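Subject: Structure handover

Hello,

Here is the structure for you to look through. My notes on what was found in it follow below.

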Amino acid sequence: ASVFSNQGINILLNIFFGTVINAARGIAFQVEGAVSGFVINLQLAINPQIIKSYAARDIKYMHQLIFQGAKLSFFLLFFICFPIILEIEFILKLWLVNFPKYTVIFTKLVLVNALINSLSGSLRTAVQATGEIKLFQIIVGGMLLLNLPISYIFLESGFSPEMVFYVSIILSILTFWARLVIACSLVGFSVIDFIINVFLKIFFTVSLSYCIHVIFIKSFEYIANNQLITIFMTLFFTLLSIIFTGLSFNERKYILKLIKK
């Protein structure tokens with residue numbers, strides 16, 4: 001469903017705005033593909049453990065892995081994406097020198113969408129472990145397919161091309177909640193558990209990272225004018241926020257173990 005929708009969006013953008021807009025979209029997805037590889041590797045390490053724990057009926061440990069998988073996937077992607085989102089125009093100028101109109105906003109929106117989708121990986125694996133995937137695929141796949149007709153309606157009504165990305169983000173949020181509710185019903189944890197163990201940690205970490213970034217920019221304006229320094233400092237402060245706000249002691253140990261492997 002996702003592949004079909006993406007191809008359909010390409011055709012729509014080409015019809016309404018021409019090939020230049022498709023080129024901008026292609027660059028945005030190149031950036032997203034480059035950063036998402038890190039999360040895929042992390043999920044490949046966690047997914048077999050989720051399936052194994054379900055097969056062993058160690059449901060409590062399975063829940064822990066689901067929460068950890070969602071949170072760690074988000075944090076890893078956020079660590080990479082946050083400075084890119086903040087300094088994307090500078091990065092694109094270094095990389096391409098000249099780039100099509102809308103590339104900046106497209107890239108930002110694609111990365112935001114990737115951050116939302118990163119929360120769903122462990123939920124998908126949990127549902128697959130139960131073997132009861134029919135309802136899951138029908139609901140999630142059907143919602144993803146709505147991207148094409150809804151985007152067409154907005155473009156036909158005269159909206160700008162980035163509207164298709166806003167539609168995609170909204171559908172990603174809705175499909176995430178659908179995955180969460182289905183996973184809760186199949187493997188026995190509550191939405192409140194997920195909110196407490198994942199959402200709250202993410203909220204505080206993202207908020208702290210952004211506040212530190214703003215304070216740094218305002219306090220050291222003469223340094224912040226150098227985008228390279230800003231990127232490195234943002235990475236550093238984001239890493240500290242994730243380690244000390246987003247992760248527990250055991251999760252820090254788990255990440256070190258994964259890095260060593």
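**Nonpolar cores**

In this predicted model, the largest nonpolar core has 49 residues, and those touching the most other members are Met-62, Ile-66, Leu-123, Phe-189 and Phe-194. At least two residues of this core come from each of helix 2 (19-55), helix 3 (59-86), helix 4 (88-96), helix 5 (103-118), helix 6 (121-130), helix 7 (134-145), helix 9 (163-187) and helix 10 (191-219). Helix 3 gives the largest share, 15 residues.

Beyond its neighbours within four places in sequence, Leu-123 is in contact with Ile-66, Phe-176, Arg-179, Leu-180, Ala-183, Phe-189 and Phe-194. Another core, of 15 residues, lies apart from the largest one; Ile-21, Phe-106, Ile-116 and Leu-155 are among them.

**Gln-68**

Helix 3 also holds Gln-68. This residue counts as buried because its relative accessibility is 8%, under the 20% cut-off. Setting aside neighbours within four places in sequence, the contacts of Gln-68 are Ser-73, Glu-251 and Tyr-254.

**Helix 12**

Helix 12 covers residues 227-246, 20 residues in total. From first C-alpha to last it reaches 26 Å, close to the 28 Å expected at 1.5 Å a residue. Its buried residues are Thr-230, Ile-231, Thr-234, Thr-238, Ser-241, Ile-242 and Gly-246. Viewed down the helix axis, the buried residues of helix 12 fall within an arc of 100 degrees, so they line one face. On the face turned away from that buried side, helix 12 carries the exposed residues Phe-232 and Phe-244.

Regards

How values were computed
Residues numbered from 1 in each chain as written. Predicted model: local features only at pLDDT ≥ 70, side-chain atom pairs only at ≥ 80, totals over all residues. Heavy atoms only, no water. Helix = DSSP H or I, 4+ residues; strand = E, 2+ residues; numbered from the N terminus. Expected span 1.5 Å × (residues − 1). Buried < 20%, exposed > 50% of the residue type's maximum accessible area, 1.4 Å probe, protein only. Arc of directions from axis to C-beta. Core = buried A, V, L, I, M, F, W, Y, C linked by side-chain atoms within 4.5 Å. Contact = heavy atoms within 4.5 Å.
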